[in-house]
Amino acid sequence: MNLALLIPLLPFIGFLINGLGFRRIPKSLVGIIGTGAVVASFALVLSLFLNFSGEAQHIPVYDWITVGSLNISFSFQIDQLSLIMMLIITGIGSLIHLYSIGYMHHDEGFGKFFAFLNLFVFFMLLLVMGSNYLVMFIGWEGVGLCSYLLIGFWNQNPSYGYAARKAFVMNRIGDLGFLIGIFLILNQFESLEFASVFPAAAQLSVGDQGIFWITLCLFIGAMGKSAQIPLYTWLPDAMAGPTPVSALIHAATMVTAGIYMIVRSNVLYTLAPDTLHLVAWIALITALLAASIGLFQNDIKKVLAYSTVSQLGYMFLGLGVGAYTSGFFHVMTHAFFKALLFLGAGSVIHAMSNEQDIRYMGGLRKKLPVTFLTFLLGTIAISGIPPFAGFFSKDEILAHVFEHSPLMWGLAVIGSMMTAFYMFRLLFLTFFGEFRGTHEQEHHLHESPFSMTLPLIVLAILSVLGGFLNVPAVLGGSAKLSAYLDPIFAYSKQVNPEAFAETHLDHSTEFMLMGVSVAGAVLAIIFAFVLYVSRKSVPAPDAEITGLPKLVYHKYYIDELYDSLFIKPIQALSRVFYNVTDRLLIDRFGVEGLGNFVRGLSNEFRLLQTGTTSFYVFIMVMGIAAILMYSLRTLIFGN
């Protein structure tokens, strides 16, 4: 048996054990089983990574679908791209599982929660390990199902159930696009295997119309899963789930699945420059819109959620300008600091007795020193300050965007400045100044247990050092990640060598771009410091927010717009179908109408059964007379 098969199998076994026995297995054992399964998978992935030869491996599991000449196997592909994604999923996933032991310890659904987490990891691994689009789609749908189960985990609260349903429905809209894209690939290439589709695609010319429609449909799928305009509103509402779930969704593949899918399909997108152009602009608008909303949010998890939407925009922006490695590099670094920030937020919420509004926090750095220090490092990393991880990955994207369009670069820098501002606003309001919560909350403030702080420390180290995995030449590095991923883009280079040519920027220009970006972020941080530390400003209560801040605070009323444009008309149409089609046509004139007719007829015939012998004799005589008249009709009336 190939050891690679055990990588997804172990979390699935953990799901079965904890899922079937969650009422009987002790909590201490549930945590060990759930976490141990993912840690064991991580160890196997690490071994596979260290012993990888550089040649992609195809691992068949069984023949799945055979129709005529079409054969689709259930199989895995191990290469540079899948290996890195597997490291992120199992590595970050292990830390989140460990953290959950402490965070969810008092929850009644502890066993069920770990079962769902293991199932989530299983489907994420299927998504990135599949050797064809159909296996990828199974993982794609599986993580959608698990996100529904975990977002609505505390389903006693109806609003949490609504958030789970919203995430499920909006993802299905995108999934329809992905599914149509898969059918178009099958129609064009008569195969769904990456190893067959990509070489065949490399024989086509740039601008092929069939590839344009394929890439467009695939991107619609990515828009849903990776929360891009217009399918992004489910992600902030997904904060209803327990905080470790938020970390898992935002950091380990779930929302970055769209980026992974496009990087995997890079040759198709290289053949479709019009689609890439569309991707870039939608990504830029998403990044700016989400960043602006983040400026005024007061829920600690909502700020991070809009930050994720914005950062996903930067990743897609990198892909849109053809910088696949840069976009993927930001997936990696973002996984480190976003998991750290969410788990840090969870530690704050844990200490604040479930309070999530930063207006009622403040001064927590002395009570939560480990959480504060690690959260600070994560905040610096996402703000793009050197030499933290976010600086290297974001500035690499910005440099490629500048080559593509200085206008887009300028807008992206503005988005980067907003990121630095709202993240330090969050930090200052939470950890600096005077405590603004209740006396009871202040009395119970305490640092989280070691099972929760250890993942924070590990992720903080990765957030600081993760950027050194791909230091560019201008800073004296050798771009190791780019070199490692180079074979993934072989077919793209074949169809469009110019897109992968060396950068036209000289070193002085690159330094200038970095300087502008960093200076902008530092200015934003200073502004946040003056506002929330020096002047000790606190955001106004909801009722006192007016004007433009109110518009942004209410997320530009986009949810309300969707409600008016789609939900209410569909509900009204549903009521019409219910009252007219279902109740009137089907019930009254259909099923119930027929029943009523038979019942009425029966009632009339029932009157014939009077129980009177003379009446029965009369009816019998009349019947005989009628038969005789019918028989003698020719004799009496002629022809």
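Biologist: Which helices each supply at least two residues of the lining of the largest pocket?

Modeller: This is a predicted model in which local features need pLDDT of at least 70 and side-chain atom pairs pLDDT 80 or more, while totals for chains, interfaces and linings use all residues. Residues are numbered from 1 along each chain, and side-chain values use heavy atoms, without hydrogens and water. Helices are DSSP runs of H or I of at least four residues, strands E runs of at least two, numbered from the N terminus. On that basis, the helices with at least two lining residues each are α13 (273-294), α15 (324-351), α17 (389-404), α21 (480-485) and α23 (507-534).

Biologist: Which helix gives the largest share of that lining?

Modeller: A pocket is an open set of points on a 1 Å grid where a 1.4 Å probe fits, with protein on both sides within 12 Å along at least five of seven lines; lining residues have an atom within 4 Å of a point. The largest share of the lining is eight residues, and they come from α17.

Biologist: Which lining residues are closest to the centre of the largest pocket?

Modeller: The largest pocket has a volume of about 1300 Å³, counted as the space filled by probe spheres set on the points. It is lined by 45 residues, and those closest to its centre are His400, Glu403, Ala501, Glu502 and Thr503.

Biologist: Where is the proline that follows Pro386 through a cis peptide bond?

Modeller: Most peptide bonds are trans. The bond from Pro386 to Pro387 is cis, with omega near 5 degrees. Pro387 lies in the loop between α16 (369-382) and α17.

Biologist: Which residue is joined to Ile229 by a cis peptide bond?

Modeller: Omega of this bond is about 5 degrees. The residue asked for is found in the loop between α8 (209-225) and α9 (234-237). The partner of Ile229 is Pro230.

Biologist: Is Ser353, with its positive phi, buried or exposed, or in between?

Modeller: Ser353 is found in the loop between α15 and α16 and has phi of about 55 degrees although it is not a glycine. Buried means under 20% relative accessible area with a 1.4 Å probe and protein chains only, exposed over 50%, and partly exposed in between. Because its relative accessibility is 46%, Ser353 counts as partly exposed.

Biologist: What is the relative accessibility of Tyr556?

Modeller: Tyr556 has a positive phi near 60 degrees and is found in the loop between α24 (547-553) and α25 (558-606). Tyr556 counts as partly exposed because its relative accessibility is 28%.
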